[in-house]
Amino acid sequence: MKTRFHFLALTAILAASAMPVHAQDAPQWKFTEGVHYERLIPVQGTSSPPDKIEVAEFLWYGCLFCYRMDTYIDEWRKGIPDEVNFVHMPAVWDATMETHARMFLALQALEQLDAAHRDIFRAIHTEQQLLLTLREQERFVERFGVSAQDYREAYRSFGVESSLRRIKDLMRRYRILAVPTLVVNGKYVVTGGQNSNMPEMLEIVDELVQRESTER
């Protein structure tokens with residue numbers, strides 16, 4: 001009986017001494033669900049390969065805060081790990097936003113989006129080119145070597161129509177209510193706005209990426 005008591009006591013001591021080690025090893029997360037980000041239930045699918053952690057930014061070219069956020073995004077992307085796949089998504093709530101979303105998707109189909117992306121923001125916010133008509137957009141894309149005919153065909157293509165439907169469905173499933181908004185792996189939503197701390201938004205995304213990585 002004494003030997004058994006000593007064994008149990010020793011087991012309890014060892015277990016108690018191990019507890020702080022485990023607590024110390026656990027990540028100390030800085031940001032809080034419901035305060036800094038929202039969790040999607042159920043988790044939604046993404047457009048990235050299963051071995052990648054997707055970070056998707058929903059934006060509108062006519063949004064001044066998206067324009068400002070783009071500078072931070074551009075710098076942030078230089079330091080993301082290989083396991084992260086970043087994608088832009090054009091938000092669509094009305095006819096004006098759909099016009100810009102079609103421009104995004106048409107240039108993406110023509111493999112000119114990367115070259116044009118920042119210039120679209122500048123044209124709208126610093127050059128007072130609203131780019132709300134097909135003709136305006138045709139003239140604009142000529143600077144990237146895209147002909148009016150090629151652009152018009154892409155703008156009205158089946159592929160662009162299909163992508164628009166998919167984006168609207170994603171916005172519904174991701175519960176996108178404002179831009180800029182960042183969605184991490186179809187699970188976490190970080191929303192911006194007029195009074196948002198944009199660098200902090202990306203800190204939150206970094207922590208959520210880390211959470212996803214540690215849970216794999």
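A cavity here is a set of grid points where a 1.4 Å probe fits but cannot get out, while a pocket is an open set with protein on both sides. By this rule, the predicted model holds one cavity of 30 Å³ or more. Let's start with that enclosed space and then work outwards to the pockets, the strands and one serine.

**The cavity**

The largest cavity encloses about 30 Å³ of space. Its lining consists of L59, W60, Y61, P90, A91, M97, H100, A101 and F104. Helix α3 contributes the most to this lining, with four residues. In chemical terms the surroundings of the largest cavity are eight nonpolar residues and one polar residue, with no charged residue.

**The two largest pockets**

Now for the open spaces. The largest pocket has about 320 Å³ of space. It is lined by 14 residues, and R77, F86, H88, D114 and H117 are the closest to its centre. Four elements each give two or more residues to this lining: α2 (64-77), β3 (84-90), α3 (95-109) and α4 (113-125). Of these, α2 provides the largest share, five residues.

The second largest pocket has a volume of about 170 Å³. Of the 13 residues that line it, V35, H36, V190, T191 and I204 lie nearest its centre. Strand β5 (188-191) and helix α8 (198-214) each supply at least two residues of that lining.

Here are the three linings by residue class:

| Space | Nonpolar | Polar | Charged |
|---|---|---|---|
| Largest pocket | five residues | four residues | five residues |
| Second largest pocket | six residues | five residues | two residues |
| Largest cavity | eight residues | one residue | no residues |

**Strand β4 and its partners**

Which strands pair with β4? One is β2, which pairs with β4 in the antiparallel sense over four bridges. Within that pairing, A56 has V183 of β4 as its bridge partner. Strand β5 also pairs with β4, again antiparallel and over four bridges. There, T181 is matched with T191 of β5, and T191 is also among the residues nearest the centre of the second largest pocket.

The link between β4 and β5 is a hairpin with three residues between the strands. In its turn, N185 has a positive phi of about 55 degrees.

Are the two faces of β4 buried or exposed? In a regular strand the side chains alternate between the two faces of the sheet. For β4 (residues 181-184), T181 and V183 lie on one side and L182 and V184 on the other. All four are buried, so both faces of the strand are covered.

**A buried serine in a loop**

Finally, take a look at S48, in the loop between β1 (38-39) and β2 (53-59). Is S48 buried or exposed? S48 has a relative accessible area of 11%, and because the limit for a buried residue is under 20%, S48 counts as buried.

Which residues does S48 touch? Leaving aside residues up to four places away in sequence, S48 touches E54 and N85. With E54 there is also a polar contact of 2.5 Å between the two side chains.

Terms used:
Residues numbered from 1 in each chain as written. Predicted model: local features only at pLDDT ≥ 70, side-chain atom pairs only at ≥ 80, totals over all residues. Heavy atoms only, no water. Buried < 20%, exposed > 50% of the residue type's maximum accessible area, 1.4 Å probe, protein only. Polar contact = N/O pair within 3.5 Å; in protein donor to acceptor, adjacent residues only side chain to side chain. Contact = heavy atoms within 4.5 Å. 1 Å grid on protein atoms, 1.4 Å probe; cavity = no way out; pocket = protein on both sides within 12 Å on 5 of 7 lines; lining within 4 Å. Points joined across faces, edges and corners; volume = space filled by probe spheres on them. Nonpolar A, V, L, I, M, F, W, Y, C, P; charged D, E, K, R; others polar. Pairing = 2+ DSSP bridges.
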